[in-house]
Amino acid sequence: MRVFNRIVLILLFAGLFVLGVYTVVYSFNLFGYDLEDLPRALGVSGFYHGLETFVENVESGNLSVLTVITLVVIALLGLILLIAELKPPAPRRVRVQRGIYVSRGAVADEVVAAAERTPGVLGTSARVKARRRPGAQVNLEARVRRGEDTSAIQSNLRRLVREHLAQRGVPVSKLNVKLVEADPRRTKTRVQ
Amino acid sequence: MLARAAVQAALATEGVHSMGRGRFVEAATYEGGEKVSGAVVSPEELEIHIVVRYPLPEPIPEIARSIMERVAPQAGDRKTVVVVDDLEVTEA
């Protein structure tokens, strides 16, 4: 969202700058233009006429169904962006208890350490998301040999990761485990 | 001298390997003409960044609570926050 905000603000400020400079230059009548000629001078006559027609249609209550749908979609998009903007940013650290936090990287390292001790797992990668309430959301991807009993490995993984983190006092609010079949020659561990 | 006292208290706590440096922003305070890494002091809050020793002598919340108890006399009315930046594996 921050990158999106920056792009929008850069475009907005660039537009305001260009418009401001253009208006000041225009106001001195240096090039003999009238304000009515501004759309033509900018090369946006077609757009201007379309806008005029649109405003006339709005005033007379004569909008097509497609226009109404488009306006509703724009309004909804604006509402979604407004809500996204008003939402407080996601915390960077995992809250353990009041005043106690663990970095996401440290939690991910612990998850990987526990997962790689699970029988049948050849390699893992973990992503940890912090939440406003205590506990981490863990997305774990484990690579296993083709033909393994995936349900047994998955339940084992869940149990071991939860136990491991519980021993360290790090609560897990959500644990997503995804098993991916992989060629043992291309994984960190060949046999487990 | 609060940052220095907090760092000394944290390092004296069992299970603390070293002071953390912060993951995104450097965790340090300029105090007495030098930089004290691992503690961020503000008028409302004292933030202590640590690297804990693995295997852990006790769960992370217990280690954090010990640090909080140790720095409480110096912290005064400030809210104390302990952040575990990393875990360091050491030979048993």
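This briefing walks through a sheet in chain A and the helices that lie across it. Keep in mind that you're looking at a predicted model. The sheet is an open one of 3 strands, in the order 3-4-5, and its pairing is mixed. Strand 3 and strand 5 (172-182) of chain A are the edge strands, each pairing on one side only. From one strand to the next, the twist averages 15°.

**How the strands pair**

- Some background first: strands of a sheet pair through backbone hydrogen bonds, and they can do that either parallel or antiparallel.
- Strand 3 and strand 4 (residues 136-145) of chain A run antiparallel, with 9 bridges joining them.
- To spot this pairing in the structure, look for A:Ala126, which stands opposite A:Leu140 in strand 4.
- Strand 4 and strand 5 of chain A go the parallel way, over 10 bridges.
- Here you can look for A:Arg143, which sits opposite A:Val180 in strand 5.

**The hairpin**

- Strand 3 and strand 4 of chain A form a hairpin with 5 residues between the strands.
- In that hairpin, A:Gly135 takes a positive phi near 110°.

**What lies across the sheet**

- Helix 5 (residues 104-115) of chain A lies across strand 3 and strand 4, running at about 155° to strand 3.
- Helix 6 (residues 150-168) of chain A lies across strand 3, strand 4 and strand 5, and runs at about 140° to strand 5.

**Buried or exposed?**

- Strand 3 (residues 121-130) of chain A is largely enclosed by the rest of the structure, because 7 of its 10 residues are buried.

How values were computed:
Residues are numbered from 1 along each chain as its sequence is written. Chains are lettered from A and ligands numbered from 1 in the order in which they are written. This is a predicted model: local features need pLDDT of at least 70, side-chain atom pairs count only at pLDDT 80 or more; totals for chains, interfaces and linings use all residues. A residue is buried if 20 or more other C-beta atoms lie within 10 Å of its own, exposed if 12 or fewer, and partly exposed in between; C-beta atoms are placed from the backbone. Helices (H or I, at least four residues) and strands (E, at least two) are DSSP runs, numbered from the N terminus. Two strands pair if DSSP finds at least two bridges between them. Axes are lines fitted to C-alpha atoms, for helices over the stretch in contact, and angles run from 0 to 180 degrees between N-to-C directions. Two residues are in contact if their C-beta atoms, placed from the backbone, lie within 7 Å.
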